[in-house]
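Please look at the sequence and the model together before reading on, and keep both in view while the text moves from the overall form to single side chains.

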Amino acid sequence: MISVNFTLLVQLANFLILLVILNYLLFRPVLRVLDEREALVKESAEMKKRLGGLAQETIEEYESRLHSAKLKAMGIRTSLRNEALGEFRRVLLKAREDSDAEFESARKKIAEQAELSRQALQGEANSLAQAIIARLVGRAL
């Protein structure tokens, strides 16, 4: 049977003393460490959020600069391509003019040689005709 006597007061005093000692030696340090840990977690979360925003800004800036560089490269490539096409057309036109000039020169040369050959053949034909007539007539014309 439980009875209220002096030992109950001693045990109550022991419990309170132990509670005070544990409060100073165990509970307060543990609670302080838990509070510090919570503060570090909050600070880390805020830092993560700030760094995430900074990283996002950096990525957007990088992509913007990359896009600008691609546009600039495309412009340079287009300009160089147009320049090369212009040079190609110029060279092609020059080659065509040169070949036309050579063709015309060769055609004139051939026409001159044909005329010379025609005149030479005409002269030979005339002399052959005179020779044939001379043989047929029996005397020189």
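The report below takes up the overall form, then the helix, then the pairs of charged side chains, and lastly two single residues.

**Overall form**

The model is a predicted one, and the secondary structure of the protein comes to one helix and zero strands. What box do the C-alpha atoms of the protein fill, taken along the principal axes? That box is roughly 185 × 30 × 20 Å. The radius of gyration gives a second view of the form, since the protein has 58 Å, whereas a compact globule of 141 residues would have a value near 14 Å. Of the 141 residues, 1% count as buried, and the protein exposes about 13,400 Å², of which carbon and sulfur atoms supply 64%.

**The helix**

Helix 1 covers residues 6–137. Its 132 residues should span 196 Å because each residue is expected to add 1.5 Å, and the distance of 186 Å between its end C-alpha atoms agrees with this. The helix bends by about 50° at Asn23. After helix 1 comes Gly138, a residue whose phi is positive, near 90°.

**Pairs of charged side chains**

Side chains of opposite charge can pair when their charged atoms come close. How many salt bridges does a search of the whole structure find? The search finds six, and the table gives three pairs, including the distance between N and O for each.

| Salt bridge | N to O distance |
|---|---|
| Arg65 and Glu61 | 3.9 Å |
| Arg90 and Glu87 | 2.4 Å |
| Arg118 and Glu115 | 2.7 Å |

Arg65 and Glu61 both lie in helix 1 and are four residues apart, which is about one turn of the helix. The distance of 3.9 Å between their closest N and O atoms falls within the 4 Å that a salt bridge allows, so the pair counts as one. Arg65 counts as exposed because its relative accessibility is 59%, and that value is over the cut-off of 50%. Glu61, in contrast, has a relative accessibility of 47% and therefore counts as partly exposed.

Arg90 and Glu87 also lie in helix 1, where they are three residues apart, or about one turn. Glu87 is partly exposed, with a relative accessible area of 39%.

Because Arg118 and Glu115 are three residues apart in helix 1, about one helical turn separates them. Arg118 is partly exposed at a relative accessible area of 49%, and Glu115 is partly exposed at 34%.

**Two single residues**

Is Phe103, a residue found in helix 1, buried or exposed? Phe103 counts as exposed because its relative accessibility is 55%. Phe103 and Thr58 are 45 residues apart along the chain, and a distance of 66 Å separates their C-alpha atoms.

Asn5 has its place in the segment before helix 1. The side chain of Asn5 is joined to that of Thr7 by a polar contact of 2.6 Å. With a relative accessible area of 38%, Asn5 is partly exposed, and this follows because the value lies between the cut-offs of 20% and 50%. The C-alpha atoms of Asn5 and Glu38 are separated by 46 Å, the two residues being 33 residues apart along the chain.

Technical notes:
Residues are numbered from 1 along each chain as its sequence is written. This is a predicted model: local features need pLDDT of at least 70, side-chain atom pairs count only at pLDDT 80 or more; totals for chains, interfaces and linings use all residues. Side-chain values use heavy atoms; hydrogens and water are left out. A salt bridge is a side-chain nitrogen of Lys or Arg within 4 Å of a carboxyl oxygen of Asp or Glu. Helices (H or I, at least four residues) and strands (E, at least two) are DSSP runs, numbered from the N terminus. Buried means under 20% relative accessible area, exposed over 50%, partly exposed in between (1.4 Å probe, protein chains only). The expected span of a helix is 1.5 Å times one less than its number of residues. The bend at a residue is the angle between axes fitted to the seven residues ending there and the seven starting there. The radius of gyration is taken over C-alpha atoms; the globule rule is 2.2 Å times the number of residues to the power 0.38. Accessible areas come from the Shrake-Rupley method with a 1.4 Å probe; for residues, only the protein chains shown count as cover. A polar contact is a pair of N or O atoms within 3.5 Å; within protein, one must be able to donate a hydrogen and the other to accept it, and residues adjacent in sequence count only if both atoms are side-chain atoms.
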